[in-house]
Structure formats: structure tokens, C-alpha cells
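Thank you all for coming; I would like to take a few minutes to walk through one model with you. Please have a look at it first, and then I will go through the parts I have picked out.

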Amino acid sequence: MWLRLGSSVGRRLMVQRQRTAVSHTTCTCMYMSDGSGPSNGKIGGKKGQTMALVEKMRDKLDRDSTLHQGDSWEELWQEGVTPWDLHQPTPVLQQELDTTALTSTSTSSSVGKRVLVPGCGSGFDLITLAERLGQDSVIVGLDISTTSLQRAQQVLLDHHSSSNTTSTGTVLLAQGDFFERPDSWDTVFSTNKDDPSKSNTCIPSFGSSFDLIYDYVFFCALPLSLRPQWGATMASLLEPSQGRLLTLMFPILPDADPTRGPPFPVTVQDYQHVLQCHGVVMESTEPYASTQTVPSRVGKELVCWWKHSSTVSAAAGEEDHVPTPVSKL
Ligand SMILES: C[S@@+](CC[C@H](N)C(=O)[O-])C[C@H]1O[C@@H](n2cnc3c(N)ncnc32)[C@H](O)[C@@H]1O
């Protein structure tokens, strides 16, 4: 079972979603949440408080000249400087997994079940993936920060104690660097304590390729110089024949300084530039805005699905397709 967007259903959904206009207004406070999280001043409070946290985050990362800035991310988590955190799953992912046309493209039952979320942060979206993809799925939440994974573990445990859902996938939390080989990642927690194959350091056991990779607020968190490496790593981790990459592109801010971040403003072309050279191309639908995002991110996000070009239907002639992003319409 896998997500396929080339169908008429997929196209109808795209058109519907395109009706959500993408604002070209620059918002200096790009991480502001909808206020649904705790009122600790990090989100949901005054714009100035959030901006102060954004500035603190930028200061720390600016001063860190190491390649992948792992210590700084860990310190940000330890200090509670996490202005990006929605404190809830994004409704966009929920809607994508609920409404995107699902079509069987393989007889393999494992297809679509090995999922990676790089830079998973506090892990709310891992719950969405595990519940929507079902009990055969294994969702790996990867983060370079140990403290972020402790937070994610608590989020998963809290959800488990208050949820009646039984047929969910297994969530593994892995500490490691996205840019390093998966066999260097350490599984630090599993929601499936009964299955030893899923509860130890087992990432190499299901290979280094994933059926689905989901990127939200990870690409934009990286220094611009790491974007080519992000593209190469994504391409190498994506299962070649059926794998799908779901990017929830954020923040789309056409009028903002693209060199100022994180979050560094993104465009569709930024992703395309670093993926296409590795043979990862857009699926047949063009990027679209979801009607479901949190209020503060309306107009700043676009949904896009990608896959290796060898898996794009030749009949559909999608390989050379250069879509017009919604943000430019
Ligand atoms: C801006 S936060 C976004 C977190 C989460 N995706 C969200 O939407 O709330 C970026 C996350 O990526 C993690 N991170 C940064 N560089 C990383 C790397 N090279 N490998 C793995 N995780 C990384 C950080 O620790 C942080 O939790």
C-alpha cells in the first residue's frame, strides 16, 4: 500500500488545496504558533517573546562554526529555546495521510512502512505517522539532540497513556546525525518493548533506505551550505523503487532575506535544486498549500511529494516536468 498522487483523486485534492492562497507578506515572527501549546512564553505568548527566542537561537547557531552544530542544538533544547515547537502534531500531515489517494503499487507488505523523520524534535508528528500507517510500520524519529529525544519520549508516553488506539506502528527514537550513516544512529527508545527486533539498536537491520521520509522544519533549520548535502543524503536514504519524500516546505517568505535564519526562508526551487541532481523529482502533482495548517503558518507552507525519477511514470512524462509553484501563481 502506498501513497500515490498521480490519480485523479490526487489531482482534485491538489486543485482544492491550491485555492488556499499563499501570502507574500513577510512575517518577521515566522515561528509563531497558534497558541495551543502551554503558555510558557515560548509559543502562544507575545510576538516579542518568540522573537527573542528566535534571536537567541540564531545567536547560538551563528557562533557555532562546526559543520553540523550538534552541541548547539543540544544546548538550545536544554535551555528551552525551541521557538519552532508547535507542541502538537501538524494538522497538515494528518490531512495528507488521511486524504491522499492510497493505491497499491507493490505486493510487498513492507512497502510504505519504513519511515524516517529527520530532526524530529519533540516528536508529535511521529504519533500521526504511527497511527495513520498502522501496526506494520516502523517510524524512526531521528535527532542529533539527546534532550529533544527525551522530550519526544515523554510526548509518546503521555500520548500512549491517554489514547485508545491499538493498531499503531512502532516508533523508534534514534540519536544521531542525519548526515552520518544510519548504522551510526543509536536507538534510544522504542514504543514496542515486546519485540526485541524493534527495541534494540536495530536501524541497520531494516536497511538504510526508507519508504517514506518526512521533512518538516528541518531543511530550513540547516545552514545554507548544508543544503546540497541534505539533497544527497535524502536521495541515498530514499528507497529507490517505491520510496517517497514528503516535504512540508516552510517558511515560504518570498520577501524575506534568504540568508537570515534559521529558519532560513525556502522556495520550491531550493528543494528542487538539491534533489533533482540526485534523480529525486516531484511527483505528478505540483506543490500546494494545505487548508489545514495552524493559523500562524497559513500562507507560509507548501506540501510537496518527491520520489526517484526512475519511479516516475514515463507515460505521464513527469521527469522533465518543471512545475509552477503555487507561491508564484
Ligand atoms: C527547528 S527544529 C524542528 C523540529 C521538528 N521537526 C519540528 O517541526 O518541531 C530542528 C531539529 O533538527 C535537529 N537537528 C539539527 N541538525 C541535525 C542533524 N544533523 N541530524 C539530526 N537532527 C538534527 C535539532 O536538534 C532540532 O530538534
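I will speak about two helix contacts and then about the surroundings of the ligand.

Please keep in mind throughout that this is a predicted model.

Let me begin with helix 2, which covers residues 47–63, and helix 3, which covers residues 70–78; these two pack with their axes 9 Å apart and at an angle of about 155 degrees. Since angles over 145 degrees count as roughly antiparallel, helix 2 and helix 3 are therefore roughly antiparallel to each other, and their crossing is right-handed. On the helix 2 side the contact is made by Met57, Lys60 and Leu61, which meet Ser72, Glu75 and Leu76 in helix 3. Sorted by class, that contact holds three nonpolar residues, two charged ones and one polar one.

Helix 3 also packs against helix 6, residues 146–162, and here the angle is about 45 degrees, with the axes 7 Å apart, so that helix 3 and helix 6 are oblique to each other. In this contact Glu74, Trp77 and Gln78 of helix 3 meet Thr146, Thr147 and Ser148 of helix 6, and by class the residues divide into four polar, one nonpolar and one charged.

Turning now to the ligand, which residues come nearest to it? Of the 20 residues around the ligand, those are Trp73, Gly119, Gly121, Phe178 and Val217. As for the character of that shell, its residues divide into twelve nonpolar, five polar and three charged.

Terms used:
Residues are numbered from 1 along each chain as its sequence is written. This is a predicted model: local features need pLDDT of at least 70, side-chain atom pairs count only at pLDDT 80 or more; totals for chains, interfaces and linings use all residues. Axes are lines fitted to C-alpha atoms, for helices over the stretch in contact, and angles run from 0 to 180 degrees between N-to-C directions. Helices (H or I, at least four residues) and strands (E, at least two) are DSSP runs, numbered from the N terminus. Angles under 35 degrees count as roughly parallel, over 145 as roughly antiparallel, 65 to 115 as roughly perpendicular and the rest as oblique. A crossing is left-handed if the near helix is turned anticlockwise from the far one by less than a right angle, and right-handed if clockwise. Two residues are in contact if their C-beta atoms, placed from the backbone, lie within 7 Å. Ala, Val, Leu, Ile, Met, Phe, Trp, Tyr, Cys and Pro count as nonpolar, Asp, Glu, Lys and Arg as charged, and the others, Gly among them, as polar. A residue is near a molecule or strand if its C-beta atom, placed from the backbone, lies within 6 Å of it.
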